[in-house]
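Open the model in your viewer and keep the selection tool at hand. The stops below go from sheets to cores to the contact between chains.

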Amino acid sequence: MSLNDPGKRGNSGGPPDLDEIWRNVNRRLNELFNRKPPSPGDNNTDSGGGGGGTRPRLPLSGVGILIALVLLVWLASGFYIVDEGRRGVVTRFGKYTETTQPGPRWHLPFPVEAVELVDFSQVKTIEIGYRNSPKNKVDKEALMLTDDENIIDIQFAVQYNIKSAEDYLFNVRKPDLIVAFVAQTAMGEVVGKAKMDFALYEGREQIAKSAEKLMQEMLDRYKTGIYVQKVTLQNVQPPDKVQAAFDDAVKAGQDRERFRNEGQAYANDVVPRARGNASRLMEEANGYKAEVVERAEGDASRFKQILVEYSKAPAVTRERLYLDMMQSVVGSASKVMMDQKTGNNLLYLPLDKLIQQSGPGTAAAGSATTPVETNPSRGGVPSPETPSAADPSRSRDALRSRERGETR
Amino acid sequence: MKLTMPVLALVVAVLLVASQALYTVDQRQYAIRFQLGEIIETQSNAGLYVKVPIMQNIKFYDKRTLVLDNTEPDRMTTSEKKPLLVDFFVMWRIVDVKQYYISVAGDEEAARRRLSQTVRANLAEEINKRTVHDAISGERDKIMSTTRQKADQDAKTIGVEIVDVRLRRVELPPDVTAPVYARMESERRRVANELRSQGQAESEKIRADADRQRTVILADAYRDAQKIKGDGDAKASAIYAQAYGINPEFYSFYRSLEAYKATFRNKSDMMVLDSASEFLKYMRTPSGNPAPKAAK
């Protein structure tokens, strides 16, 4: 690029130096007169030489002064200022000569040289698929076909600046329009080669990058002197008409998560509870074991202790134990005593009635014993406890429990 | 003073002649010099040039690359007889200005019309050979480059180079987008249903697994518990056996007594006692002998 030319950069740096500018003026004038074809050159040397020559010889001549003034004004018209962020592109008789950096500059006045100022570093933006705000869609630009023949809605902006002022000016007509066209074709191509899901979700970054690269290639091929800084995707989405279905698919993804979590919640509820139950079973089993063993030991110990005493006096102990048992057994039960000796072979013992009577009350108690009393002289041995089974419900309960005990 | 007037007059005269005889060609332009309507010379380099005043005149043409945009998308048909709306633009520039002037009389509008027709025809032909898919993605580059080459051949006859042909937009006409949307929708529905049923399946799987774990845990625990209980029972048995084995006869007696006690605990238990029983022997006689029996 001519901007980086060392000679010209020297020219641009530093404060405006009038001496240097004057030298520059001289250099250019000389350059011009030495180089130019003879016919216009003759013309100019005449006027220039006349002006320069007459001044020292005729300092008082009014015409001379006039000519000198006109000449000065003409020369002064060549001054121009290049603002920061701009470049001046100088043409001599229409032909490009140089690009000037910001600062006060001078070119040969009209009609020899002309300057055009170009906004150099200003970043321009074009918007494709929308205007001003992504909400303000332009469907005609935004809808694009993907590789799998789906349609997506894509809105993007391109930021660019000028990297070569002379290329920008001289090589293409309407460069800014071309940027817009190139942006569309590049994006169309990139999206056309991508699958819809890729373009919509994971591939956004990559699509912007590819489009940026493709745009730059094309703009360089056309020598537009434009540099694409960035392609930013504002919005990539399914078209409005099918948006609902896409939203539902996204929701479905969340539903899947929800179902999964619900299942997990169930599992988290059931499994620990089962573990709890399991440990309860174990504890109970341990408890049972301890109980059984301890009881066994207790029983065994008791037996052994008695056995010791028993072996010291077997007959007595045996008798005592027997009687103890009989006492407790007979003492607690209702009883009927019979005397076999009566020889009454047909003994009628209405047990069921007895049981019934033992229930109803004390009054029946006396009569209950009488029929059994086959030998009145000896008399029954009515248990004092029998009538005490006064409460009918209790006795019935007891009866029932006995029956149950039997069936068991 | 006498000298100055003629000098001034001369200067003015020279400037006048110069303004008629000199012309500049801009960096962006071609120039054609005509002499009485006949082309004498063309200039493609910028700079200052001389002509004969009055006799000769100059026309300028653009040297830059120009862009040609078709205003409305064209409806083209693919190989599977599907319509496509194709919007393109063409980058072109004049390379042979003389030829250009002769062919289209230097009329840019005419040139544009001509190029537009050529490119459109070639493009339609290329698209016609291909499927929608190829036109959109697969062979987009090829369509563009082939069209460019073909159009360039033709453009040469009017002194123009086709720098590039680009498909700006390729889209489906509005009347055929409805099925596409319907397909997209059904596809999404498929995806959504798949996701949901996947979720349910996974949920069910997790639940079933949890149930299995529960059953297994409980069964394991039951097994272990039974083992422990059995262990306890066995130990207890061993203890009993060890203790009672010392005197089995006495054990039998002792244990029977225990059992009798345990069974006849209730008051409603009815006992029918024979007076001849051992227990009542003193009830019969104080001596305890079965005297009456002996008497009998």
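Two strands count as paired when DSSP finds at least two bridges between them. With that in mind, select A:R92 and A:K95: A:K95, in β3(A), is the bridge partner of A:R92. Note before going on that this is a predicted model.

**Stop 1: the sheet in chain A**

Widen the selection to strand β2 of chain A, residues 86-92. It runs antiparallel to β3(A), and 5 bridges join the two. Now add β5 of chain A. The order across this open sheet is β3-β2-β5, 3 strands with antiparallel pairing. Colour the edges: β3 (95-100) and β5 (113-119) of chain A each pair on one side only. Ignoring direction, neighbouring strands here are turned by 25° against each other on average.

Zoom out to chain A as a whole. It holds 14 helices and 12 strands. Of its 408 residues, 26% count as buried. Take the contacts in chain A between residues at least 6 apart in sequence: 67% of these join residues at least 24 apart.

**Stop 2: the sheet in chain B**

Select β3, β2 and β5 of chain B. These 3 strands form an open sheet in the order β3-β2-β5, with antiparallel pairing. Which strands stand at the edges? They are β3 (38-43) and β5 (56-62) of chain B; each has a single partner strand, so one side of each is left without a neighbour in the sheet. The twist from one strand to the next averages 25°.

Next, pick out β2 of chain B, residues 29-35. It is joined to β5(B) by 7 bridges, and the two run antiparallel. For one such pair, show B:Y30 and its bridge partner B:Y61 in β5(B).

Stay with chain B and click B:Q43, in strand β3 of that chain. Is B:Q43 buried or exposed? Neither label fits: a buried residue needs 20 or more other C-beta atoms within 10 Å, and an exposed one has 12 or fewer. B:Q43 has 17, so it is partly exposed. Beyond its neighbours within four places in sequence, B:Q43 is in contact with B:V25, B:Y30, B:A31 and B:Y49. Draw a distance to B:K98 as well. The two residues are 55 apart along the chain, yet their C-alpha atoms are separated by 9.9 Å.

**Stop 3: the nonpolar cores**

In soluble globular proteins, nonpolar side chains tend to be buried together. Here, the largest nonpolar core has 75 residues. Select A:I152, A:M187, A:V191, A:M215 and B:V90, which touch the most other members. Centre on A:M187. Outside its neighbours within four places in sequence, it is in contact with A:I128, A:M144, A:I154, A:F156 and A:A211. A second, separate core has 8 residues, including A:A274, A:A278, A:L281 and B:I228.

**Stop 4: where the chains meet**

Show both chains. The contact takes 105 residues from chain A and 103 from chain B. On the chain A side, helix α10 (residues 243-312) gives the most, with 41 residues. That side has 55 nonpolar, 22 polar and 28 charged residues.

Finish with α11 of chain A (residues 314-332) and α7 of chain B (residues 248-263). Their axes come within 9 Å and cross at roughly 10°. The crossing makes α11(A) roughly parallel to α7(B). From α11(A), select A:R318, A:L321, A:Y322, A:M325, A:S328 and A:V329. From α7(B), add B:F253, B:Y254, B:L257, B:Y260 and B:K261. This contact divides into 8 nonpolar, 1 polar and 2 charged residues.

Conventions. Residues are numbered from 1 along each chain as its sequence is written. Chains are lettered from A and ligands numbered from 1 in the order in which they are written. This is a predicted model: local features need pLDDT of at least 70, side-chain atom pairs count only at pLDDT 80 or more; totals for chains, interfaces and linings use all residues. Helices (H or I, at least four residues) and strands (E, at least two) are DSSP runs, numbered from the N terminus. Axes are lines fitted to C-alpha atoms, for helices over the stretch in contact, and angles run from 0 to 180 degrees between N-to-C directions. Two residues are in contact if their C-beta atoms, placed from the backbone, lie within 7 Å. Ala, Val, Leu, Ile, Met, Phe, Trp, Tyr, Cys and Pro count as nonpolar, Asp, Glu, Lys and Arg as charged, and the others, Gly among them, as polar. A nonpolar core is a set of buried Ala, Val, Leu, Ile, Met, Phe, Trp, Tyr and Cys residues joined through C-beta atoms within 7 Å. Angles under 35 degrees count as roughly parallel, over 145 as roughly antiparallel, 65 to 115 as roughly perpendicular and the rest as oblique.
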